[in-house]
Amino acid sequence: MSRQTFKDLAKGFVDSNFSDFTKTYIVESQTKVADGQGGFTVTWSTFAAITGFVFPTTTKDKIVDDRIKSEDIKKFQFEYVADIDSSMRILYSGKYYNISPPKSVVDSDIWLVVVGFRGDAT
């Protein structure tokens with residue numbers, strides 16, 4: 001195998017494998033807006049557009065109202081973004097994920113790990 005062929009092979013491997021792990025997703029925050037009748041309605045707006053990693057962790061099945069309901073769980077990892085909290089949600093591949101409180105890796109403001117739960121995401 002020539003050097004150029006190996007280089008092309010390696011580039012193809014990186015492009016086809018690691019591109020699957022670098023994804024863009026949106027973190028949304030909720031805002032209460034007056035509905036004009038003395039109450040409030042919740043609207044969602046973009047808090048941050050993020051490029052990071054998404055890892056499927058598991059799908060849990062549970063019985064709710066005599067039906068099997070699946071809960072999709074993913075782990076989102078990305079560069080630190082201040083003020084993300086569990087009241088927010090992530091929009092990824094057209095689906096919404098409620099999120100757990102973010103955890104920074106090694107207690108530093110460099111990298112965050114957020115677990116997203118889909119099933120009852122609003």
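Select Ile50 to begin, and show everything around it. Setting aside neighbours within four places in sequence, Ile50 is in contact with Lys23, Thr24, Tyr25, Val27, Phe78, Val81 and Ile84. Keep in mind as you look around that this is a predicted model.

**Out from Ile50 into the core**

Keep Ile50 on screen and add Tyr25, Phe76, Phe78, Ile84, Ile90 and Tyr92. Together with Ile50, these residues have the most contacts inside the largest nonpolar core, a set of 15 residues. Now colour by strand. The elements giving two or more residues to this core are E1, E2 (40-64), E3 (67-79), E4 (89-92), E5 (95-99) and E7 (111-118). Which element gives the most to the core? That is E2, with three residues. As a general background thought, nonpolar side chains in soluble globular proteins tend to be buried together.

**The aromatic rings**

Next, hide all but the aromatic side chains. The count of aromatic pairs comes to seven. Go to Tyr25 and Phe76, an edge-to-face pair with 5.0 Å from centre to centre and 65 degrees between the planes. This pair links distant parts of the chain, with Tyr25 in strand E1 and Phe76 in strand E3, 51 residues apart. Are these two residues buried or exposed? Tyr25 is buried, and Phe76 is buried too.

Stay on Phe76 and bring in Tyr92. The ring centres of Phe76 and Tyr92 are 5.9 Å apart and their planes are at 80 degrees, so this pair is edge-to-face. Phe76 belongs to strand E3 and Tyr92 to strand E4, so the pair ties together parts that are 16 residues apart in sequence. Phe76 and Tyr92 are both buried.

Now select Tyr25, Phe76, Phe78, Tyr92 and Tyr97 in one go: they form one aromatic cluster.

For another ring, centre on Tyr96 and show Arg89. Arg89 lies over the face of Tyr96, at 3.7 Å from the ring centre.

**A stop on strand E1**

Select Ser29, which you will find in strand E1 (residues 22-34). Why does Ser29 count as buried? Its relative accessibility is 15%, and buried means under 20%. Apart from neighbours within four places in sequence, the residues in contact with Ser29 are Thr43, Trp44, Ser45, Phe47 and Met88.

**Strands E5, E6 and E7**

Switch to a cartoon view and pick out E5 and E7. They run antiparallel and are joined by two bridges. To find a spot along E7, select Phe117: Asn98 stands opposite Phe117.

Then turn to strand E6 (residues 103-104), which is also joined to E7 by two bridges, again running antiparallel. Here, select Ser104 and Leu112, since they make a handy marker: Ser104 stands opposite Leu112 in E7.

**Zooming out**

Finally, show the whole protein. How many helices and strands does the protein have? There is one helix, along with seven strands. Following the sequence, you will read the pattern α-β-β-β-β-β-β-β.

Of the 122 residues, 22% count as buried. Switch on the surface: the accessible area comes to about 8,400 Å², and 54% of this belongs to carbon and sulfur atoms. A contact map would be a good last panel: among contacts with a separation of 6 or more, 48% are between residues 24 or more positions apart.

Note on methods: Residues numbered from 1 in each chain as written. Predicted model: local features only at pLDDT ≥ 70, side-chain atom pairs only at ≥ 80, totals over all residues. Heavy atoms only, no water. Helix = DSSP H or I, 4+ residues; strand = E, 2+ residues; numbered from the N terminus. Buried < 20%, exposed > 50% of the residue type's maximum accessible area, 1.4 Å probe, protein only. Contact = heavy atoms within 4.5 Å. Core = buried A, V, L, I, M, F, W, Y, C linked by side-chain atoms within 4.5 Å. Areas by Shrake-Rupley, 256 points an atom, 1.4 Å probe, with all protein chains shown as cover. Pairing = 2+ DSSP bridges. Phe/Tyr/Trp six-rings, centres within 6.5 Å; stacked < 30°, edge-to-face > 60°. Lys NZ or Arg CZ within 6 Å of the ring centre and 35° of its normal.
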